[in-house]
Structures are given as C-alpha cells and as structure tokens.
Amino acid sequence: MISSINLINDGKTSYTTDKKGVPFKSALSGGGVKFLDTFIKSQENLSSTRFIQDTTTNWVPKALLSRSKADFWEFTFLEFLESGLFYYAAPFFGEYLYRKGLFKSVLPKNLKEDVLKNIPQSLETIKKSNADKAMKNRLVTAKSGIVLACLAIPALEYALSFAKNLFTLKVFKVSDFNNIANLNKDKKEDINQQKHVESHAKKELVKAGVISAAGIGAGLVLAAKGHKSDKAVKLSEYILEPGEKLAETLRKTGVKSPKLEKFLKDYMKLDFENSGGKLSLSKGQLAVICTIGLFGYSNAAKDRGKLDFYEVWTRVPLVVLYTIFGSSIFDAGFKSILAKKGKYPELIKKDKNGVINVPSRTELQEIASKLGQKNNTSYEKELSALIKQKAVITGVPYAFSLAVMGFSLSAITRIWTKYRYNHQQKNGSDKQS
C-alpha cells in the first residue's frame with residue numbers, strides 16, 4: 001500500500017524560506033549579477049552544462065576551421081545529434097518513454113503509482129526506507145530495468161558515426177576522407193569503397209536496433225518479474241551502482257581512499273540522478289555513452305581511410321575525457337589554489353577527508369541569509385557577492401578548458417592530418433608517418 005512507503009526525497013535541496021519561514025526574495029540587482037546567476041544555474045544541470053560545453057568546445061572551432069562543405073555538414077550532423085544523445089536521451093528515455101510510459105504496463109495496478117513515484121529515489125534511500133522487502137525489491141528491479149532498457153542510447157551512439165558516413169555519402173557523394181577533408185586535389189572516388197561504406201553503415205544501424213530492442217525487452221522482464229528472485233535483485237544493485245560495489249570490494253581488501261571512492265561512485269554510477277523527483281543524467285551514464293561513442297568513431301573512420309582513423313585517435317580520446325569530466329580537471333586545481341590563498345572562505349571549504357566542496361546555487365540562499373544577519377547587511381547584497389564568487393570559481397576553469405580543448409585541439413588535429421597527408425604524398429606511400 002502507498003501508506004507503507006515513506007522514502008526521503010534525495011533530490012536537490014531547495015532553500016525557499018529562512019529560519020522564520022519568511023520567503024527569500026530572489027530579485028537580484030544588476031544585469032551582470034543576473035547573467036552570472038544564469039550561468040551558475042546552467043552549470044548545475046549536467047545535461048545543460050555538458051551540452052553547452054560540448055557544442056562550444058567541439059562544434060564552434062570545427063565550424064570556423066571546416067575544410068569543405070561536406071566536412072562542415074557532416075560534423076554539424078554528428079555534433080548536434082550526438083550532443084542530444086549524450087545529454088538529453090537518458091532523461092528523455094528514462095523519465096518519459098519508460099518510467100511514465102512503457103514500464104507502466106508491466107507493474108500491478110495496485111502498486112503502479114507507488115513504484116513509479118519512488119523510482120527516482122537512490123538505491124541507498126530505497127534500502128534504508130521503511131518499505132517492506134517486496135516493495136524494495138520491486139523498486140530496485142524496476143529502476144534497474146529502466147537502466148537496462150537505456151542500452152538503446154549507447155547502441156545508437158555507436159551507430160551514429162556510421163549514420164554520419166551514410167549521410168555524407170548520400171548527400172555529397174563522397175566517402176574518401178581525403179576528399180572530405182579537402183586534401184586530395186583530383187577528388188576521385190573509389191566505387192568499391194563507397195559500396196563498403198554504405199553496406200557497413202546499414203549493417204551497424206540494424207545491429208543498433210537489435211541491441212536496443214533486446215535491452216528494452218530485458219528491462220521490461222526484469223521490472224515485471226525480477227523482484228521474485230534474490231539473485232535478480234542483487235544483479236540489479238550491481239547494474240545501478242557498479243562503482244559503489246567496487247568501492248565496497250576495495251574497502252574489504254584494505255584500500256581506503258575517500259577520494260577514490262567518490263570518483264568510483266560518481267563515474268561508475270549507471271543509475272539516474274534524482275532531480276526534484278525526476279530521472280536525470282548521471283556522470284556514470286555519460287561516461288558509458290561517450291566511451292562507446294569513441295569506438296563507434298574509430299570503427300566508422302576505418303571505412304573512409306587511414307587518415308580519418310588517425311585523426312579520430314588523435315582528437316577523440318581527449319574530447320571524450322573532456323566530455324565526461326567537463327572542466328572538473330581544471331576545476332579541482334583551481335579550487336586548491338583558491339583554498340591555499342584563503343579566497344572565498346564561505347564557499348571554498350574542505351571536509352574531514354580533504355575534499356573541497358562548493359555549495360550549490362540553491363544553498364547560496366541560506367548562506368546569504370546567515371551572512372546578512374551576522375554582518376548586519378541585506379540578504380540581496382550577500383547573495384549577489386556569493387554569486388560573483390561562485391561565478392569565478394566555476395567560470396575560470398570553464399573558460400580555460402574551452403580555450404585548450406576547443407580551438408587549440410581542433411587546429412592541431414587539422415594541421416597534423418595535413419602534415420600526414422603531405423608526408424604520405426612525398427613518400428608515395430599510404431602508410432602512417
């Protein structure tokens with residue numbers, strides 16, 4: 001029964017009132033502060049953050065440095081569809097297509113509302129809740145079933161590079177990378193290569209469809225029947241939180257590192273994040289999709305020539321790392337520098353394990369209220385100051401990473417590809433220099 005469940009919402013905390021229950025005023029003075037506030041909020045939504053970063057980092061530099069019309073349109077085709085898959089497919093499939101759609105059909109009528117309502121809760125919250133064992137098992141296997149059904153997303157990401165090859169072949173009638181990159185002056189095309197590119201692309205697209213259907217079917221079965229089997233429930237826990245399980249194993253073997261455990265839990269988490277009771281993209285899901293995409297890039301590039309393959313492995317692994325971690329690599333170093341210099345003490349604080357945690361945008365409201373009372377200043381003034389400080393903490397690594405991973409990497413890979421091509425022509429060989 002619904003009344004037997006009392007799960008704690010582990011979504012993002014939202015501070016809307018002060019200690020006396022008086023609503024906080026959200027008005028901020030000055031267009032500059034409002035702009036910074038919008039920037040900060042966008043950075044705390046993983047889908048929006050990574051979409052903006054990815055588009056700015058990957059598409060804009062390549063658009064300005066495009067080598068031909070075919071080159072421009074194929075990476076435009078790829079980048080925007082890929083960004084959609086990376087950042088919006090998981091929450092769309094999980095929340096709307098599955099949770100509010102397809103998976104309703106496999107749940108009992110008397111439990112459907114309860115299960116669907118609590119699916120966004122974390123595995124830890126479910127296991128610690130006062131729900132009975134049967135309901136906990138249903139929630140765990142239903143969550144895991146949805147994650148399993150989302151196999152469709154990495155399958156589609158893998159096939160997307162082949163769809164790009166097919167797009168370029170059909171629209172621009174080219175399949176040779178030397179022609180696409182405007183390296184070859186005579187522009188001759190090999191008919192046999194074109195046939196291979198087309199047949200291989202179609203085969204991979206069909207394969208992606210089969211894998212997607214298999215994942216959805218297996219997910220539905222797990223959600224419908226898995227709660228009856230302790231082994232299926234245990235398997236579901238591993239599917240949802242492989243990083244947590246690995247961290248537990250490491251602790252048992254004597255490896256105790258809070259930073260490593262946090263990394264594993266964040267980047268090996270296949271479960272969704274709970275965003276206000278809705279399923280949203282997790283870092284682990286993004287990591288899987290990006291990694292699978294790398295091998296799709298590589299395999300599809302082989303069909304179009306060695307230089308395409310070399311360019312992929314020169315650029316894409318770094319792009320994948322950037323896509324997964326965003327500006328966090330630079331972010332961690334910048335925060336350490338600020339901490340050592342004693343900057344922004346209200347925001348830059350280390351926990352007992354030495355990990356620096358910066359409050360979220362919603363938490364700034366409570367901090368601003370306390371500072372206003374302590375300093376005898378207005379809430380609005382303190383909030384504006386905190387927003388400016390957080391914008392520096394977030395914005396500097398973000399801007400630096402865009403410059404390094406954007407224009408620099410795109411320019412270098414294009415120069416390096418041109419060098420390889422010229423070197424091959426000089427030596428009369430199609431071998432890598």
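Axes here are lines fitted to C-alpha atoms, for helices over the stretch in contact, and angles run from 0 to 180 degrees between N-to-C directions. The structure is a predicted model, in which local features need pLDDT of at least 70 and side-chain atom pairs count only at pLDDT 80 or more, while totals for chains, interfaces and linings use all residues. Residues are numbered from 1 along each chain as its sequence is written, and side-chain values use heavy atoms, with hydrogens and water left out.

**Exercise 1.** Describe how helix α11 and helix α12 pack, and state which residues make the contact.

*Solution.* Step one is to locate the helices, which are DSSP runs (H or I, at least four residues) numbered from the N terminus: α11 covers residues 242–252 and α12 covers residues 258–267.

Step two is the geometry: the two helices pack at an angle of about 155 degrees, with their axes 7 Å apart. That angle makes α11 roughly antiparallel to α12, a term kept for angles over 145 degrees. The crossing of α11 and α12 is right-handed, that is, the near helix is turned clockwise from the far one by less than a right angle.

Step three is the contact (heavy atoms within 4.5 Å), to which α11 brings Gly243, Glu244, Leu246, Ala247, Leu250 and Arg251, and α12 brings Leu260, Glu261, Leu264 and Lys265. By class, these residues divide into five nonpolar, one polar and four charged, where Ala, Val, Leu, Ile, Met, Phe, Trp, Tyr, Cys and Pro count as nonpolar, Asp, Glu, Lys and Arg as charged, and the others, Gly among them, as polar.

**Exercise 2.** Characterise the lining of the largest cavity and of the second largest cavity.

*Solution.* Step one is the search: on a 1 Å grid over the protein atoms alone, a cavity is a set of points where a 1.4 Å probe fits but cannot get out, and lining residues have an atom within 4 Å of a point. The whole structure holds three cavities of 30 Å³ or more, a volume being the space filled by probe spheres set on the points.

Step two takes the largest cavity, of about 220 Å³. It is lined by 18 residues, of which Glu74, Lys164, Asp308, Glu311 and Arg315 are the closest to its centre. Helix α3 gives the most to this lining, with five residues, and the lining of the largest cavity comprises six nonpolar, one polar and eleven charged residues.

Step three takes the second largest cavity, of about 110 Å³. Its 15 lining residues include Glu82, Phe86, Tyr297, Val316 and Val319, the closest to its centre. Here α14 gives the most, with five residues, and the lining of the second largest cavity has seven nonpolar, three polar and five charged residues.

Definitions and conventions
Parallel < 35°, antiparallel > 145°, perpendicular 65-115°, else oblique. 1 Å grid on protein atoms, 1.4 Å probe; cavity = no way out; pocket = protein on both sides within 12 Å on 5 of 7 lines; lining within 4 Å.
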